[in-house]
Amino acid sequence: MEKELIINKENAIDTLHRMSAHLGSKLQAAELFSSCDDDKQRIEPMWVAAVTELSGLLMPYSSLTLHADKALFSLHMPDNWKEEQFDNLVKHCEVYIGNALFANWLSYFNPENAIFYKNLNREGAVSIEHLLALRRKPV
């Protein structure tokens, strides 16, 4: 069974901007913590690192093609994989990328909080691996 999982780069970076702005406003240091479009050169390697991290989780079942505006994972799932879980897998992967990107951003400014989001992604990784392992019962 072939599926394409697409992670939109702009959506992931918008998530980073929202999360960092929220943290900046909570800490009353928005100018320090908030990312913005001016940070493109700094964010680009973080995006690649986050996508590569996700690729490692999906590796047994996918191949990655990185485009300027998206990451495309071509999934090659067994025929008995529970295909109805695909939407859940996409959502988990989007959240994983958002948290990985935010953790990478925080590692520059607030390493303690970066550790929290990296740990949060460990739980996300377990969920993704679980979804990849779901199979239908033999008939």
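Read along the sequence, the chain of this predicted model follows the pattern β-α-α-α-β-β-α-α. Its secondary structure comes to five helices and three strands, where helices (H or I, at least four residues) and strands (E, at least two) are DSSP runs numbered from the N terminus. Residues are numbered from 1 along each chain as its sequence is written. Because the model is predicted, local features need pLDDT of at least 70 and side-chain atom pairs count only at pLDDT 80 or more, while totals for chains, interfaces and linings use all residues; side-chain values use heavy atoms, with hydrogens and water left out.

**Overall dimensions and burial**

The C-alpha trace spans about 60 × 30 × 20 Å along its principal axes. Of the 139 residues of the chain, 42% count as buried, a term that means under 20% relative accessible area, with exposed meaning over 50% and partly exposed in between (1.4 Å probe, protein chains only). Contact means heavy atoms within 4.5 Å. Among the contacts in the chain with a separation of 6 or more, 70% are accounted for by residues 24 or more positions apart.

**Helices H3 and H5**

Helix H3 covers residues 40-58, and its 19 residues reach 26 Å from the first C-alpha to the last, close to the 27 Å expected at 1.5 Å a residue. The expected span of a helix is 1.5 Å times one less than its number of residues. Helix H5 has 23 residues and reaches 33 Å between its first and last C-alpha, close to the expected 33 Å.

The buried residues of H3 are Ile 43, Met 46, Trp 47, Ala 50, Val 51, Leu 54, Ser 55, Leu 57 and Leu 58. In H5, the buried residues are Ala 114, Tyr 117, Asn 121, Gly 124, Ala 125, Ile 128, Leu 131 and Leu 132. An α-helix has 3.6 residues a turn, so residues three or four places apart point the same way.

**Packing of H4 against H5 and H3**

The axes of H4 and helix H5 (residues 111-133) come within 8 Å and cross at roughly 160 degrees. This makes H4 roughly antiparallel to H5. Axes are lines fitted to C-alpha atoms, for helices over the stretch in contact, and angles run from 0 to 180 degrees between N-to-C directions. Angles under 35 degrees count as roughly parallel, over 145 as roughly antiparallel, 65 to 115 as roughly perpendicular and the rest as oblique. The crossing of H4 and H5 is left-handed; a crossing has this hand if the near helix is turned anticlockwise from the far one by less than a right angle, and is right-handed if clockwise. By class, the contact of H4 with H5 has 17 nonpolar, eight polar and one charged residues. Here Ala, Val, Leu, Ile, Met, Phe, Trp, Tyr, Cys and Pro count as nonpolar, Asp, Glu, Lys and Arg as charged, and the others, Gly among them, as polar.

H3 and H4 pack with their axes 9 Å apart, at an angle of about 135 degrees. The two helices are therefore oblique to each other, and their crossing is right-handed. On the H3 side the residues that meet H4 include Arg 42, Met 46, Ala 50, Glu 53 and Leu 57, and those of H4 include Cys 93, Tyr 96, Ala 100, Asn 104 and Tyr 108. The residues of this contact of H3 with H4 divide into 17 nonpolar, one polar and two charged.

**Individual residues**

Asn 99 has its place in helix H4 (residues 86-109), and Ala 100 lies in helix H4. Ala 114 is found in helix H5, while Thr 65 lies in strand S2 (residues 62-66). The contacts in the table leave aside neighbours within four places in sequence.

| Residue | Relative accessible area | Contacts |
|---|---|---|
| Asn 99 | 9%, buried | Met 19, Tyr 117, Leu 120, Asn 121 |
| Ala 100 | 3%, buried | Ala 50, Glu 53, Asn 121 |
| Ala 114 | 3%, buried | Ala 103, Leu 106, Ser 107 |
| Thr 65 | 34%, partly exposed | Lys 70, Ala 71, Leu 72 |

Three C-alpha separations complete the description. Ala 100 and Asn 119, 19 residues apart along the chain, have C-alpha atoms separated by 9.9 Å. The C-alpha atoms of Ala 114 and Ala 100 are separated by 9.0 Å, with these positions 14 residues apart along the chain counted as their distance apart. For Thr 65 and Ser 55, ten residues apart along the chain, the C-alpha separation is 9.9 Å.
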